[in-house]
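Hi,

Here is the structure I promised to pass on. Have a look at it first, and my notes follow right below.

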Amino acid sequence: MRTQLETNLIRLVAKHRELVVQFIRKELVTKYKGSFLGRFWSIITPLMMLIIYTYVFSVIFKAKWDFAATGSKQEFAITLFCGMLIFSVFSECVTKAPTLITSNPNYVKKVVFPLEILPVSLLGSALINYLIGMAILLIGQLVFLQNVTWTLLYLPLMLMPLLLLSLGLSFLLSSLGVFLRDLEHSISIIVQALYLLTPIFYPVTAIPEEIRGFLYINPLTGIVDNVRKVVVWGIQPDWMNWSVEIIVSGIVLWLGYWWFLKTRKGFADVL
């Protein structure tokens, strides 16, 4: 059930939707401002990393996906890319959140400015980059696998836990980042560790069974697995895991937004 805090957040975003769009556009433009290739880097960078990871894990380590239909390098790359796109949304939000308020001190001093839209705009920017990457993935799937499954319709539902989790952590970390300036550096280390501890480059079954359960402590594990099932493999998602992820992510969002509102009055004193 939607709480009063979440309802207020939805109303705030709806009220300031034009401002949110402006900040999303600003975030997208600023990221590649001054570079020759500009927005093309959002395509070039993941594709280059995809080529490297595909070679390392499919050729050197001989990794195989559980539900792979062909076992080809192209299918491996598409499956890998699907997981990388999910993590990119989480990573972009979490790594930028600690400096989100401190890098915008002018907005903090404006009493009427809704600071709550900054984490929302950050998530919106990450989501747009995800959709660009997903378009590339689906084109690759059509070209190399000649197949796009009907279960793709489940994708919006499968993304909900990711969006709630990323937004909740963005609220929490953007607030903590005002008071703990070292947070930016420690979060970068944690995100790098999660990148390897999330089954992006390998299937869950590659982990020894006796410690496999610990992998699901990481909420991204179930999200990545379910998105791959509906996008690449064309099978039903694990609805039990999805339900748990929705509840946990909803709690994270509630706590993050509550903490943000509780501490925002002290931002101006610190900045």
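Let me start in helix 10, which covers residues 219-233. Asp225 and Lys229 sit four residues apart in that helix, so about one helical turn separates the two. Their side chains meet in a salt bridge, with 3.4 Å from N to O. Bear in mind, before you zoom in any further, that this is a predicted model.

Are the two partners buried or exposed? Asp225 has a relative accessibility of 16%, so it counts as buried, given that the cut-off is under 20%. Lys229 is buried as well, with a relative accessible area of 12%.

Elsewhere in the chain, shared partners join the salt bridges of Glu27, Glu92 and Lys96 into one network. Lys96 is the residue to click on here. One of its bridges goes to Glu27, at 2.8 Å from N to O. That pair links distant parts of the chain: Lys96 belongs to helix 4 (residues 73-96) and Glu27 to helix 2 (residues 17-31), with their positions 69 residues apart. The side chain of Lys96 also meets that of Glu92 in a salt bridge, this time at 3.6 Å from N to O. Here both residues lie in helix 4, four residues apart, or about one turn of the helix.

The accessibilities in this network are mixed. Lys96 is partly exposed, at a relative accessible area of 25%, and Glu27 is partly exposed too, at 22%. Glu92, on the other hand, is at 10%, so it falls in the buried class. For the whole model, the salt bridge count comes to four.

Now for the overall picture. How many helices and strands does the chain have? The chain has 12 helices and zero strands, so the pattern along the sequence is simply α-α-α-α-α-α-α-α-α-α-α-α. The radius of gyration is 19 Å, and the globule rule gives 18 Å for 271 residues, so the chain is as compact as a globular protein of that length. If you want the extent along the principal axes, the C-alpha trace spans about 60 × 45 × 35 Å.

A few more totals for the chain:

- Buried residues account for 48% of the 271 residues.
- Of the contacts with a separation of 6 or more, 79% are between residues 24 or more positions apart.
- About 14,200 Å² is exposed, and carbon and sulfur atoms supply 69% of that area.
- There are 22 positive and 15 negative charges, and their mean positions lie 10 Å apart.

Next, three single residues that I would look at.

Thr151 takes us back to the area around helix 10. Thr151 itself is placed in the loop between helix 6 (117-145) and helix 7 (155-179). Its relative accessible area is 1%, so it counts as buried. Which residues does Thr151 contact, leaving aside its neighbours within four places in sequence? They are Lys229, Val230, Gly234 and Ile235. Lys229 is the residue whose side chain bridges to Asp225. You can also see how the chain comes together here from Val231: it is 80 residues from Thr151 in sequence, but 6.6 Å away in space, C-alpha to C-alpha.

The loop between helix 6 and helix 7 also holds Gln146. Its phi is positive, at about 50 degrees, although Gln146 is not a glycine. Most residues other than glycine have a negative phi, so I would check this one by eye. Gln146 is exposed, with a relative accessible area of 58%, whereas Thr151 in that loop is buried.

Finally, there is Asn241, which is found in helix 11 (residues 239-263). Asn241 is partly exposed, with a relative accessible area of 24%. Not counting residues up to four places away in sequence, Asn241 touches Tyr216 and Asn226. From Asn241 to Ala14 there are 227 residues in sequence and 30 Å in space, C-alpha to C-alpha.

Cheers

Note on methods. Residues numbered from 1 in each chain as written. Predicted model: local features only at pLDDT ≥ 70, side-chain atom pairs only at ≥ 80, totals over all residues. Heavy atoms only, no water. Rg over C-alpha atoms; globule rule 2.2 N^0.38 Å. Buried < 20%, exposed > 50% of the residue type's maximum accessible area, 1.4 Å probe, protein only. Contact = heavy atoms within 4.5 Å. Areas by Shrake-Rupley, 256 points an atom, 1.4 Å probe, with all protein chains shown as cover. Lys, Arg positive; Asp, Glu negative; His and termini not counted. Charge placed at Lys NZ, Arg CZ, Asp CG, Glu CD.
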